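Pull the model up on your screen and keep the sequence beside it. We'll take a walk through the fold, one piece at a time.

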Amino acid sequence: MTSFRTKLNLAVLSTQMAAVLFLASGCAGKAGKGQVGGPGANNGQVGEYPVMTVTTSSVHVEDRYPATLKGKLDVEIRPQVSGQIVRLAVDEGARVRRGQTLFVIDQVQFQEQVNAARAAVRVAETSVATAQLTVDNNRLLADKNVIGAYAMQTSENALATAQAQLAQAKAQLVSAQKNLSFTNISSPTDGIVGSIPFRVGSLVSPSMVQPLTTVSDISEMYAYISLTERQLLAFSHNGSSVNEAIGKMPPVSLELLDGSLYPEKGTVSTISGVINPTTGSVDVRVLFQNPAGTLLSGSSGTVIIPTVIENGILIPQSAVYQIQERSFVYTVDASNVAHSVEVTITDANDGKNYVVSSGLKAGDIIVTDGLITLRDGATISIAKGEGKNATSTPAATAE
């Protein structure tokens with residue numbers, strides 16, 4: 001009985017091993033024919049692949065940078081004296097002219113300070129007149145030797161003191177008048193009034209953290225963007241200095257949040273001379289005219305800077321794969337064998353194509369799609385309609 005069971009177990013085990021070997025051979029066969037995996041996953045002949053012949057041309061590339069918009073002047077309006085707001089002369093969003101009244105603070109106490117200072121000036125003027133009479137009288141008496149030098153000097157000192165007190169009173173009057181004028185808060189520039197968090201009856205003071213409002217001069221708008229140090233060096237190569245490179249830059253465009261292009265072209269006006277050590281970038285200011293007031297301070301958009309690269313090589317992004325921040329393409333030789341070649345791509349791209357600065361030359365043939373199923377050294381078939389003498393111009397950005 002034991003011998004029979006042993007033979008039965010051996011038969012079952014043999015059947016299971018045969019099934020495993022059959023499945024393993026089937027999977028291996030499928031792995032040899034499949035196209036699943038990353039670059040380098042397959043061996044031998046693989047499917048058809050589209051190719052293109054590399055050419056050089058004048059490549060037009062648009063670099064896009066997120067931008068924050070600010071008015072030519074964004075002036076925070078703050079009170080210079082303390083008091084209650086008794087009149088609000090404008091509303092939010094109003095267009096104002098330079099010198100136009102925005103707020104009025106209670107003037108009663110400041111008017112009284114002016115009146116008191118004016119009275120003090122009159123008192124001081126009277127004191128000066130009295131001291132002057134005393135000096136004049138003592139001078140006559142001194143000429144007749146009626147009084148001595150001490151009395152004469154004392155009267156002159158009293159006159160000088162009265163004159164100093166008069167000057168002090170006049171200064172206090174000027175200060176009181178200035179404080180009174182501060183109760184009438186006016187706009188320092190032409191522009192548009194921002195939000196107004198404080199209304200009639202609010203107690204305000206110069207120590208407040210929040211401003212009364214902001215007046216923005218939006219006749220010209222500044223779009224602020226950031227450039228990396230590498231991008232800054234690339235701009236500098238267009239001239240002997242950054243300022244010279246700015247002068248040679250073409251007009252730039254502004255894309256609004258809704259995807260539309262702002263009709264006015266802009267110019268790069270300044271590049272900060274200090275690299276931010278935290279971000280490794282520099283601030284760039286682009287100037288846009290805003291005659292219709294379409295752009296508002298605080299809004300955002302995308303600045304588009306066009307770049308022309310002479311004798312550039314433009315290839316589709318689908319033709320490039322990356323490993324550890326290094327970029328590669330597959331070139332195809334005369335025997336239809338694919339070779340992995342490292343290339344250097346520039347920062348400029350339009351979202352669809354790369355500009356290659358090294359690693360390829362005119363006449364090279366590269367695979368443009370399906371890289372995930374390809375490996376170095378594989379023999380490929382060129383897709384129908386693609387020939388080694390055919391060229392491809394990606395995305396209509398080359399001319």
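What span should the 34 residues of helix α3 have at 1.5 Å a residue, and how far apart are its end C-alpha atoms? Keep in mind as you look that this is a predicted model. Helix α3 covers residues 149-182, so at 1.5 Å a residue it should span 50 Å, and its end C-alpha atoms are indeed 50 Å apart, which agrees. Now try the sum on α2, which runs from 108 to 143. This helix has 36 residues and reaches 53 Å from its first C-alpha to its last, close to the 52 Å expected.

Next, see what the two helices tuck away. In α3 the buried residues are M152, S155, L159, A162, L166, A169, L173, A176 and L180. What do they pack against? The answer is α2 and strand β7. Coming from the other helix, the buried residues of α2 are F110, V114, A117, V121, A124, V128, A131, V135 and N138, and α3 is part of what covers them. Just past this helix, have a look at N145: it follows α2 and has a positive phi, near 60°. Most residues other than glycine have a negative phi. We'll run into that theme again further on.

From α3, step across to β7 and the sheet around it. Four strands make up an open sheet, in the order β7-β6-β4-β9, with antiparallel pairing. Which strands sit at the edges? They are β7 (184-186) and β9 (203-204), each of which pairs on one side only. Strand β6, residues 101-105, pairs with β7 in the antiparallel sense over three bridges. To get your bearings there, find F103, which stands opposite I185 in β7, and T101, which stands opposite S186 in β7. Strand β4, residues 83-88, is also joined to β6 by three bridges, again antiparallel. Here the landmark is I85, which stands opposite I105 in β6.

Is β6 mostly covered or mostly open? It's mostly covered, with four of its five residues buried. That brings us to the largest nonpolar core, which has 32 residues. Among its members, L102, F103, V193, V204 and L212 touch the most others. Strand β6 and the helices α2 and α3 each supply at least two residues of this core. A second core, separate from that one, has 24 residues and includes Y65, I218, L227 and L254.

It's worth clicking on L102 to see its surroundings. Leave aside the neighbours within four places in sequence, and L102 is in contact with I77, R87, L88, A89, V90, V96, I185, S186, S187, V193 and V215. Two of the names in that list, I185 and S186, you already know as the β7 residues opposite F103 and T101.

Now for the aromatics. How many aromatic pairs does a search of the whole structure find? It finds four. Take Y222 and Y224: their ring centres are 6.3 Å apart and their planes are at 75°, so this pair is edge-to-face. The cut-off behind that label is an angle over 60 degrees. Both rings also have a charge for company. The charged end of R285 sits over the ring of Y222, 4.2 Å from its centre, while the charged end of K70 sits over the ring of Y224, 5.8 Å from its centre. As for accessibility, Y222 is at 14% and so counts as buried, whereas Y224, at 31%, counts as partly exposed.

Elsewhere, Y321, F328 and Y330 form one aromatic cluster. While you're in that stretch of sequence, look at the loop between β15 (321-323) and β16 (326-332), which is the place of Q324. The loop also holds E325. Remember the positive phi of N145? Q324 has a positive phi of about 50° although it is not a glycine, and E325 has one of about 65°, again without being a glycine. Are these loop residues buried or exposed? Q324 counts as exposed because its relative accessibility is 75%, and E325, at 82%, counts as exposed too.

Key: Residues are numbered from 1 along each chain as its sequence is written. This is a predicted model: local features need pLDDT of at least 70, side-chain atom pairs count only at pLDDT 80 or more; totals for chains, interfaces and linings use all residues. Side-chain values use heavy atoms; hydrogens and water are left out. Rings of Phe, Tyr and Trp (its six-membered ring) pair if their centres lie within 6.5 Å; planes under 30 degrees apart count as stacked, over 60 as edge-to-face and the rest as tilted. Buried means under 20% relative accessible area, exposed over 50%, partly exposed in between (1.4 Å probe, protein chains only). A charge sits over a ring if NZ of Lys or CZ of Arg is within 6 Å of the ring centre and within 35 degrees of the ring normal. Two strands pair if DSSP finds at least two bridges between them. The expected span of a helix is 1.5 Å times one less than its number of residues. Contact means heavy atoms within 4.5 Å. A nonpolar core is a set of buried Ala, Val, Leu, Ile, Met, Phe, Trp, Tyr and Cys residues joined through side-chain atoms within 4.5 Å.
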